[in-house]
Amino acid sequence: MQNVKEVTLEDKLVEKFGREKVEKFKKSLEDYKKMKGALIAIMNEAQEIFGYLPIEVQLYICQELQVPLTEVFGIATFYSRFTLKPSGKYKINLCMGTACYVRGAAMLLEKIKEKLGIEVGETTEDGKFSLEPTRCLGACALAPVMMINGEVFGRLTPDDVEEILKKFE
């Protein structure tokens, strides 16, 4: 019989994200563990490091803090800040607020979905783009507006979409 090494959650995280990211998270976790009520801060840190909160990360947080998965998952699904799926390198936020909507945001959304071959909340197969509508980007004078990784594009028409996306390919 051969010795079979038990695979730990940490091993799974290292396999999925690499030793460097896991070690960085472990260090942050140790710093936050000393603080009462730091679960959301820890989850924020995990998402910053890993890009999202997959089940392995959630389970690791539960294990280290000795909190139930229902608590971590509940927070992860309640706050829109957290995502359970990986985001693309370029996150497209399309404003669907009133000013943008009445000025054609729905047509922009259809054009983006057509060009990227994804639906709202999805990421392209190559991992480049994610598409998320937002309620308001605070740039109503430029309606309709979209933002890609913080860069704002305003007064858009469906014809503008292809050229903007090319900048990020």
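# Salt bridges and helix faces

User: How exposed is R19, as a percentage?
Analyst: R19 counts as partly exposed. That class lies between buried (under 20% relative accessible area) and exposed (over 50%), with a 1.4 Å probe and protein chains only. The relative accessible area of R19 is 44%.

User: What pLDDT do local features need here?
Analyst: Residues are numbered from 1 along each chain as its sequence is written, and side-chain values use heavy atoms, without hydrogens or water. This is a predicted model: totals for chains, interfaces and linings use all residues, side-chain atom pairs count only at pLDDT 80 or more, and local features need pLDDT of at least 70.

User: Which residue does R19 meet in a salt bridge?
Analyst: A salt bridge is a side-chain nitrogen of Lys or Arg within 4 Å of a carboxyl oxygen of Asp or Glu. The structure holds twelve. In one of them, the closest N and O atoms are 3.4 Å apart. The partner of R19 there is E10.

User: How far apart in sequence are E56 and K16?
Analyst: E56 and K16 form a salt bridge, with the closest N and O atoms 3.2 Å apart. E56 lies in helix α4 (residues 55-65) and K16 in helix α1 (residues 9-17). Helices (H or I, at least four residues) and strands (E, at least two) are DSSP runs, numbered from the N terminus. The pair links distant parts of the chain, and the separation is 40 residues.

User: Why does the pair E48 and R81 tie together separate parts, and how many residues apart are they?
Analyst: Their side chains meet in a salt bridge at 2.8 Å, N to O. E48 is in helix α3 (residues 39-50), while R81 is in the loop between α5 (69-78) and β1 (90-95), so the bridge joins parts separated in sequence by 33 residues.

User: Is R81 buried, partly exposed or exposed?
Analyst: Its partner E48 is exposed, at 57% relative accessible area. R81 has a value of 39%, so its class is partly exposed.

User: Which residues of α2 are buried?
Analyst: Helix α2 (residues 19-33) has 15 residues and reaches 21 Å between its end C-alpha atoms, close to the 21 Å expected at 1.5 Å a residue. That expected span is 1.5 Å times one less than the number of residues. The buried residues are V22, F25, S28 and L29.

User: Why are they on the same side, and what arc do they cover?
Analyst: An α-helix has 3.6 residues a turn, so residues three or four places apart point the same way. The arc is that of the directions from the helix axis to the C-beta atoms. The buried residues of α2 sit on the same side because they cover only 125°.

User: Which residues are exposed on the other side of α2?
Analyst: The buried residues have cover that includes α1, α3 and α4. On the other side, the exposed residues are E20, K24 and K27.

User: Within what arc do the buried residues of α7 fall?
Analyst: Those buried residues are A105, L108, L109, I112, K113 and L116. They line one face of α7 because their arc, seen down the axis, is 135°.

User: Which exposed residues does α7 carry on the face turned away?
Analyst: Cover for the buried residues of α7 includes β1, α6 (98-102), β2 (129-134), β3 (146-148) and α8 (158-166). The face turned away from that buried side carries M107 and E114.

User: Which residue follows α7?
Analyst: Its phi is positive, near 70°. The residue is G117.

Conventions
Contact = heavy atoms within 4.5 Å.
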